[in-house]
Amino acid sequence: MASSPTAARPGSPLWKVVGASLIGTTIEWYDYFLYGTAAALVFGKVFFPASDPLTGTLLSFLTYAIGFAARPLGALVFGHFGDRVGRKKLLVVSLLLMGGSTTLIGLLPTYHQVGVAAPVLLTLLRLVQGFALGGEWGGAVLLVSEHGDQRRRGFWASWPQGGAPAGNLLAAGVLSLLTTVQSDATFLAWGWRVPFLLSALLVAVGMWIRLAVDESPLFKEALARAEARKASQRQPEQPPLVAVMRHHWREVLVAMGARMAENISYYVMTTFVLAYAVTQVHLPKQTALNAVLIASAVQFALIPLFGALSDRVGRKPVYLAGAVGVGIWAFVFFGLVDTRSFGSLVLAVTVGLVFHSAMYAPQAAFFSELFATRMRYSGASIGAQFASVAAGAPAPLIATALLKDYGSSTPIAVYVAIAAAITVLAVVCGRETRGSDLAETEPAAPGAEPGSAPGAAVAGEPATA
């Protein structure tokens, strides 16, 4: 007989946990996306002024991509300690690292002031950003997922995902305001630094809110069981990374494949499009930024709706609809941008982010439900962040290189469509997780066949009683 659903466990009120996770992820994504927006509009001129405009943008996106290289390392380190000492502590550390590195970017000297040391320092701080973000995502979505119950997990866990469009909205909004009230010369001279320096204030607010929530009750229970096993010396606990690779390697591959279309399409349609619209279509920076602002606002509203839909029809159908949609839309996207119409640009980015939302919203619950509690932070983070190295990291770089080599947007659309096909295959191969009881997603004892002991469960599969 299938076990009954686990009721929500005591801890901080769910709305408080959701609010803390959303605000924290918004701040971290603000910091991260601020770099991407500045890479498209500013850094090529400030840190790589000796290059022609398109090559300068390419070099700027290269430093942008380097930040993704540190995200798997952040996933490994934060995942390990997050599964050992708790989600909350690691989320505080990630917020401090991200905010500190972003603030320091705002204080960096330019290429004209210190030469090659400027892009080197920029790259080092970008690596710190990537390391911090590699640990942030998993902890934030798990803290929400593990506080609630499975009936509305897709809805509640999708709120931290809203931090991505909210952070992008905030970053693009601040830059848009500055480009409106400042001349190009003033903005390039010092105005671009203001949004980076604002991060210090945002981090202080985020820390105050994040410190006020309790640790995940599911994690506390799993930790207590692990301590009891360790004390009895009957079941020594494996390191989280080893446990993930032993019990959940298939789920890691599913998560990585699921991220391809989601990650690539997002960075092409929100970051690369800024450079494309300004340098290729010759639209004003303000026009391109305003289009991303409007689309991000729409996406922020849509994410919880798609999360709720995944609670009703399943994670996989919603995810697949988004992947198929974005693969087709990529061919329409650039044609609309090429019209040089503001309305068409807004439509292109907004519809692209609608399809992206259908993937991104259920992703938090979907990935959380794939892994056992004591290896969930590691498993979800590894699956998500290792994929980002092959997906989001090179996406603007590859798109810029394709444009430079072919002088056409069609190869870029093909690139996004291939990513969509990979995601469809991965999600089809994965199992439907809607309704999973996170408390029962536990691995079997070492040396025993899964399910051989009473109450034991195959890693990643619901137990039976």
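This talk goes through one predicted model, from its overall make-up to its salt bridges, two buried polar residues, a surface patch and one residue at the start of a helix.

Let me begin with the whole chain. The protein has 20 helices and 0 strands, and of its 465 residues, 59% count as buried. If we take the contacts with a separation of 6 or more, residues 24 or more positions apart account for 86% of them. On the outside, the protein exposes about 16800 Å², and carbon and sulfur atoms supply 70% of that area.

I turn now to the charged side chains. As a general point, side chains of opposite charge can pair when their charged atoms come close. In this model the count comes to 8 salt bridges, and I will go through three of them.

One is between Arg376 and Glu146, whose side chains meet with an N to O distance of 2.9 Å. This pair links distant parts of the chain, since Arg376 sits in helix H18, which covers residues 373-390, while Glu146 belongs to the loop between H6 and helix H7 (153-161), and the two are 230 residues apart. Both Arg376 and Glu146 are buried. The pair also takes part in something wider, in that Asp83, Arg87, Glu146 and Arg376 are linked in a network of salt bridges.

Another joins Glu369 to Arg153, where the closest N and O atoms are 2.8 Å apart. Here again distant parts of the chain are linked, with Glu369 in the loop between helix H17 (342-368) and H18, Arg153 in helix H7, and their positions 216 residues apart. Are these two partners buried or exposed? Glu369 has a relative accessible area of 0% and is therefore buried, and Arg153, at 3%, is buried because it falls under the 20% limit.

The remaining one of my three is a local pair, Arg259 with Glu262, and its closest N and O atoms are 2.8 Å apart. These residues lie 3 residues apart in helix H14, which runs over residues 249-280, so they are separated by about one helical turn. Arg259 and Glu262 are both buried.

Next, two buried polar residues that carry no charge label in this discussion but do make polar contacts.

Gln129 lies in helix H6, and its relative accessible area is 0%, which means that Gln129 is buried. What does the side chain of Gln129 reach at 3.2 Å? The partner is the backbone oxygen of Asp31. That same side chain also makes a polar contact with the side chain of Arg126, at 2.9 Å. Leaving aside neighbours within four places in sequence, Gln129 is in contact with Asp31, Tyr32, Tyr35, Met98, Ser101, Thr102 and Ile105.

Asn168 lies in helix H8, residues 163-181, and Asn168 is buried because its relative accessible area is 3%, under the 20% limit. Its side chain makes a polar contact with the side chain of Tyr266, at 3.2 Å. If we again leave aside neighbours within four places in sequence, the residues in contact with Asn168 are Phe33, Thr37, Gly173, Tyr266, Thr270, Val292 and Ser296, so that Tyr266 appears both in this list and as the polar partner.

Moving to the surface, Tyr111, Val116, Val120, Leu121 and Leu124 form a nonpolar patch, and together they have about 440 Å² of accessible area. Which helix gives the most to this patch? That is helix H6, residues 117-145, with 3 residues. Val116, for its part, is found in the loop between helix H5 (111-114) and H6, and Val116 counts as exposed because its relative accessibility of 60% is over 50%.

I will finish with Thr410, which lies in helix H20, covering residues 410-429. Where does Thr410 stand between buried and exposed? Its relative accessible area is 47%, which lies between the limits of 20% and 50%, and Thr410 is therefore partly exposed. The C-alpha atoms of Thr410 and Ala330 are separated by 8.8 Å, although these residues are 80 residues apart along the chain.

How values were computed. Residues are numbered from 1 along each chain as its sequence is written. Side-chain values use heavy atoms; hydrogens and water are left out. Helices (H or I, at least four residues) and strands (E, at least two) are DSSP runs, numbered from the N terminus. Buried means under 20% relative accessible area, exposed over 50%, partly exposed in between (1.4 Å probe, protein chains only). Patches are made of residues with over 30% relative accessible area and no salt bridge: like charges are joined within 9 Å, nonpolar side chains (Val, Leu, Ile, Met, Phe, Trp, Tyr) within 5 Å. Accessible areas come from the Shrake-Rupley method with a 1.4 Å probe; for residues, only the protein chains shown count as cover. A salt bridge is a side-chain nitrogen of Lys or Arg within 4 Å of a carboxyl oxygen of Asp or Glu. A polar contact is a pair of N or O atoms within 3.5 Å; within protein, one must be able to donate a hydrogen and the other to accept it, and residues adjacent in sequence count only if both atoms are side-chain atoms. Contact means heavy atoms within 4.5 Å.
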